[in-house]
Amino acid sequence: RADIHGTAVHIARHNQARVLAEVNAKRWIISECADKLAVDDARVTSGAKLAESVLQLLALPYVDHPAYREEWRP
């Protein structure tokens, strides 16, 4: 029963609609940054540098994931 209570508290704390909205917002940010990097691929611009920095920061929480690449580290 303690596990059920803990699960219920976790679900209540992390509203599913908000979590999904956050995931969608991050996907949008990643898409916009990837588009900026693709357009500016041949030249380094301030927009491309910002896009690269944003992507590196979004990847940072996954530093312990086996697929994380060290070149992603800010």
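**Notebook: pocket, helix 2 and salt bridges**

I began with the largest pocket, which holds about 390 Å³ of space. Of its 17 lining residues, I noted I30, L55, L58, A59 and Y62 as the closest to the centre. The model I am reading is a predicted one.

I then asked which helices each supply at least two residues of the pocket lining. They are helix 2 and helix 3, the latter spanning 46-59. I also looked up how the lining residues divide by character: eleven are nonpolar, two are polar and four are charged.

**Helix 2**

I turned next to helix 2 itself, which runs over residues 16-39 and has 24 residues. From first C-alpha to last I recorded a reach of 35 Å, close to the 34 Å expected at 1.5 Å a residue.

At the start of this helix I checked N15. A side-chain oxygen of N15 comes to within 2.9 Å of the backbone nitrogen of A17.

**Salt bridges**

I searched the whole structure for salt bridges and entered four.

What does E22 pair with at 2.8 Å? I found R18 as the partner, that distance being the one between the closest N and O atoms. Both residues belong to helix 2 and stand four residues apart, about one turn of the helix.

I next looked at E22 with K26, where a salt bridge has its closest N and O atoms 3.1 Å apart. E22 and K26 are also both in helix 2, with a separation of four residues, about one turn of the helix. I therefore entered R18, E22 and K26 as linked in a network of salt bridges.

Outside this network, I noted E70 and R73, whose side chains meet in a salt bridge of 2.9 Å, N to O.

**Exposure of the bridging residues**

Are the members of the network buried, partly exposed or exposed? I took each in turn. E22 has 34% relative accessibility, so I entered E22 as partly exposed. R18 counts as partly exposed because its relative accessibility is 41%. K26, at 36%, is likewise entered as partly exposed. The cut-offs I needed here are under 20% for buried and over 50% for exposed, with partly exposed in between.

I applied that reading to R73 of the pair with E70 as well: its relative accessibility is 39%, and therefore R73 counts as partly exposed.

How values were computed:
Residues are numbered from 1 along each chain as its sequence is written. This is a predicted model: local features need pLDDT of at least 70, side-chain atom pairs count only at pLDDT 80 or more; totals for chains, interfaces and linings use all residues. Side-chain values use heavy atoms; hydrogens and water are left out. The expected span of a helix is 1.5 Å times one less than its number of residues. A polar contact is a pair of N or O atoms within 3.5 Å; within protein, one must be able to donate a hydrogen and the other to accept it, and residues adjacent in sequence count only if both atoms are side-chain atoms. Buried means under 20% relative accessible area, exposed over 50%, partly exposed in between (1.4 Å probe, protein chains only). On a 1 Å grid over the protein atoms alone, a cavity is a set of points where a 1.4 Å probe fits but cannot get out, and a pocket is an open set with protein on both sides within 12 Å along at least five of seven lines; lining residues have an atom within 4 Å of a point. Grid points are joined across faces, edges and corners, and a volume is the space filled by probe spheres set on the points. Ala, Val, Leu, Ile, Met, Phe, Trp, Tyr, Cys and Pro count as nonpolar, Asp, Glu, Lys and Arg as charged, and the others, Gly among them, as polar.
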